[in-house]
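Take a look at the protein model below. Keep it in view as you read.

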Amino acid sequence: MDKLDLVGIGIGPFNLSLAAQLDGVADVFSIFLEQRSEFAWHPDMMLPGVELQTSFLKDLVTLTNPTSKWSFLSYMVGQKRMLDFMNADFAAVPRREFAAYLKWVADHLEGLAFDNVVREVAFDGQDFKVRTDHTSYVTSNLAIGVGKPAFIPAWARQLPKHKCFHTSQAKSNLPKLRGKRIAVIGGGQSGAELVEYLLGGNVKGVEEVLWLSRRDNFEPLDDTPFVNEYFTPGYADVFAGLPDAYKQDLMSRQKLASDGASLSTLKSIYQLLYRQRYLQEGHVAGRLLPQREVFQVQQDGETMRIAARNGLNQDVEFFDADALILATGYETTLPEFMAPLRSLLEVGASGAYRLDAEFRAQWDGPSDRNIFVQNAGRIDLGIFEPQLSLMAWRSAKIVNALTGKNVFNLDQNPPIVDWVAGTGDRAGGAVVQAWG
Ligand SMILES: Cc1cc2nc3c(=O)[nH]c(=O)nc-3n(C[C@H](O)[C@H](O)[C@H](O)COP(=O)(O)OP(=O)(O)OC[C@H]3O[C@@H](n4cnc5c(N)ncnc54)[C@H](O)[C@@H]3O)c2cc1C
């Protein structure tokens with residue numbers, strides 16, 4: 001096979017966005033490889049009624065390429081349900097709808113190859129060699145978009161799989177849940193969706209749900225205008241230029257901007273608890289346990305004994321459950337297939353890539369050989385990075401960097417907020433030098 005300009009590894013929303021943005025760009029020869037047999041977006045968390053936490057206009061292309069045929073609205077029109085969709089007036093789009101849109105793009109876009117697990121990427125000093133089970137590809141550039149593996153806390157690693165599983169395997173495992181008491185551990189959106197589902201009486205035999213979280217409370221995603229400024233190219237540029245030491249601290253203060261539960265899910269949980277307690281509706285009791293940092297789980301016969309430290313008074317408390325669901329999020333690691341390149345890559349404190357503002361991994365290789373990485377730059381580039389919000393902009397940036405041309409005009413108006421004096425050439429901004 002001839003040498004390619006780009007091999008994309010993984011086809012989730014992020015590399016799908018890149019593939020869609022590359023559609024029609026002349027003289028870029030690419031292929032995108034995916035291990036699944038067809039496109040699927042977090043299928044094991046596709047519970048009934050779950051909603052997108054982002055506007056549908058933040059789709060694969062629209063932010064930078066609104067006339068692309070791969071937009072959400074183009075999909076809607078193609079499905080002949082645009083007016084019905086408008087009349088339905090969803091406050092938030094069903095995730096199932098957005099997943100169907102993504103699959104429609106993946107089914108129709110050229111240059112995507114499913115059933116292709118990438119096993120190894122090597123570099124011969126000039127080009128990358130990408131090996132799958134079936135064949136190998138030679139390419140000048142890579143775009144890695146393999147998502148993140150589930151984070152399993154150390155205390156959960158030895159527990160039997162039928163008694164303890166991660167939310168990323170929820171739908172496959174929920175029907176197998178045996179036991180009356182289920183503990184959900186983790187206070188983000190996935191945990192909230194599972195708690196809502198279980199309290200709603202959707203799993204036979206469950207009588208009690210314990211929801212443990214080390215967070216101060218079960219708090220909503222902050223979706224207000226100035227917080228949403230974090231998800232703009234203007235803020236992304238400012239963040240990328242900050243000193244490393246400051247980024248981590250700043251990001252921890254922005255947690256609820258990207259990592260809270262949807263208000264609608266929290267309201268629904270509260271109402272389920274109310275109905276259960278006061279109106280004798282529903283048969284699943286709920287026990288909400290914030291401020292609990294789980295540090296040990298011991299199995300005693302069929303019972304799982306959970307030890308957690310209470311952040312309010314530092315007491316160690318114990319809770320019994322029959323099964324655990326880990327809503328403990330995802331981690332950023334270097335994929336196995338990158339092992340041959342490990343010694344050439346600059347690796348950050350988290351053990352993952354260091355990325356520059358063009359989403360290129362920093363590495364000891366020729367400057368015209370790029371390893372673009374998506375969904376691995378939260379620490380270097382900010383909280384927008386693992387979210388859908390700016391994927392169309394990021395893909396456009398990658399296309400520009402890959403081609404060395406302004407395929408997409410990414411000029412922006414000055415941000416509404418003056419994050420640093422002089423942001424966006426605004427008149428009147430003055431840079432004041434701090435006294436040493
Ligand atoms: C349940 C859930 C809901 C979310 N909802 C929202 C939301 O509403 N709004 C928002 O902004 N963000 C949301 N996110 C966060 C983020 O948008 C998603 O995680 C998104 O799917 C990330 O896209 P991705 O392409 O990086 O990774 P993924 O979607 O994980 O896709 C990666 C793909 O790479 C493939 N792959 C992995 N290894 C290989 C290999 N070796 N060879 C070939 N293929 C491989 C995988 O099979 C997979 O298909 C959500 C996350 C979750 C978990």
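This report walks through some strands, a sheet, several helices and two single residues. The model is predicted.

**Strands joined by hairpins**

Start with strand E5, residues 128–132. Its side chains alternate along the strand. Phe128, Val130 and Thr132 point to one face and are buried. Lys129 and Arg131 point to the other face and are not buried.

Which strands pair with E5? One is strand E4, residues 118–123, which pairs with E5 in the antiparallel sense. The other neighbour described here is strand E6, residues 136–144, which also runs antiparallel to E5. In the first pairing, Phe123 stands opposite Phe128. In the second, Lys129 of E5 stands opposite Val138 of E6.

Now look at the turns. E4 and E5 form a hairpin with four residues between them. Gly125 sits in that turn and has a positive phi of about 100 degrees. E5 and E6 are joined by a hairpin through three residues.

Further along the chain, strand E11 (residues 292–300) pairs with strand E12 (residues 303–310) in the antiparallel sense. Gln299 has Met304 of E12 as its bridge partner. These two strands form a hairpin with two residues between them. Gly301 in the turn has a positive phi of about 65 degrees.

The table sets out the strand pairs of this report, including one from the sheet described next.

| Strand pair | Bridges | Sense |
|---|---|---|
| E4 and E5 | five | antiparallel |
| E5 and E6 | four | antiparallel |
| E7 and E14 | three | parallel |
| E11 and E12 | eight | antiparallel |

**An open sheet**

Five strands form an open sheet with parallel pairing. Their order is E7-E14-E8-E9-E10. Which strands lie at the edges? They are E7 (164–166) and E10 (285–289), and each pairs on one side only. Neighbouring strands of this sheet are turned by 20 degrees against each other on average, with direction ignored.

At one edge, E7 runs parallel to E14, residues 323–326. There, Cys164 has Leu324 of E14 as its bridge partner.

Val209 gives a view of strand E9, where it is placed. Is Val209 buried or exposed? Buried means under 20% relative accessible area. Val209 has 2%, so it counts as buried. Leaving out residues up to four places away in sequence, Val209 touches Ile182, Val184, Val195, Leu198, Leu199, Val284, Ala285, Gly286 and Arg287. Ile185 is 24 residues from Val209 along the chain, and their C-alpha atoms are separated by 11 Å.

**Helix H6 and Gln189**

Helix H6 lies across E8, E9, E10 and E14. It runs at about 165 degrees to E9. H6 is mostly covered, with nine of its 11 residues buried. Among them are Gly191, Ala192, Leu194 and Val195. Just after H6, Gly201 takes a positive phi of about 80 degrees.

Gln189 belongs to H6, which covers residues 189–199. Gln189 has a relative accessible area of 11%, so it is buried. Which side chains make polar contacts with that of Gln189? One is Glu193, at 2.7 Å. Another is Thr265, at 3.3 Å. Leaving aside neighbours within four places in sequence, Gln189 is in contact with Gln53, Gly260, Ala261, Ser262 and Thr265.

**Other helices**

Helix H4 covers residues 95–108. How far apart should its ends be? Its 14 residues, at 1.5 Å a residue, should span 20 Å. The expected span is 1.5 Å times one less than the number of residues. The end C-alpha atoms of H4 are 20 Å apart, which agrees.

Several residues of H4 are buried, including Phe98, Tyr101, Leu102 and Trp104. The buried residues of H4 pack against helices H1, H2, H3, H6 and H13, and against strand E3.

Last come helices H8 (residues 233–240) and H9 (residues 244–253). Their axes come within 10 Å and cross at roughly 140 degrees. Angles over 145 degrees count as roughly antiparallel, and 65 to 115 as roughly perpendicular. H8 and H9 fall in neither range, so they are oblique to each other. Tyr235, Phe239 and Ala240 of H8 make the contact with Lys247, Leu250 and Met251 of H9.

Definitions and conventions:
Residues numbered from 1 in each chain as written. Predicted model: local features only at pLDDT ≥ 70, side-chain atom pairs only at ≥ 80, totals over all residues. Heavy atoms only, no water. Buried < 20%, exposed > 50% of the residue type's maximum accessible area, 1.4 Å probe, protein only. Polar contact = N/O pair within 3.5 Å; in protein donor to acceptor, adjacent residues only side chain to side chain. Contact = heavy atoms within 4.5 Å. Pairing = 2+ DSSP bridges. Axes fitted to C-alpha atoms, helices over the stretch in contact; angles between N-to-C directions. Parallel < 35°, antiparallel > 145°, perpendicular 65-115°, else oblique.
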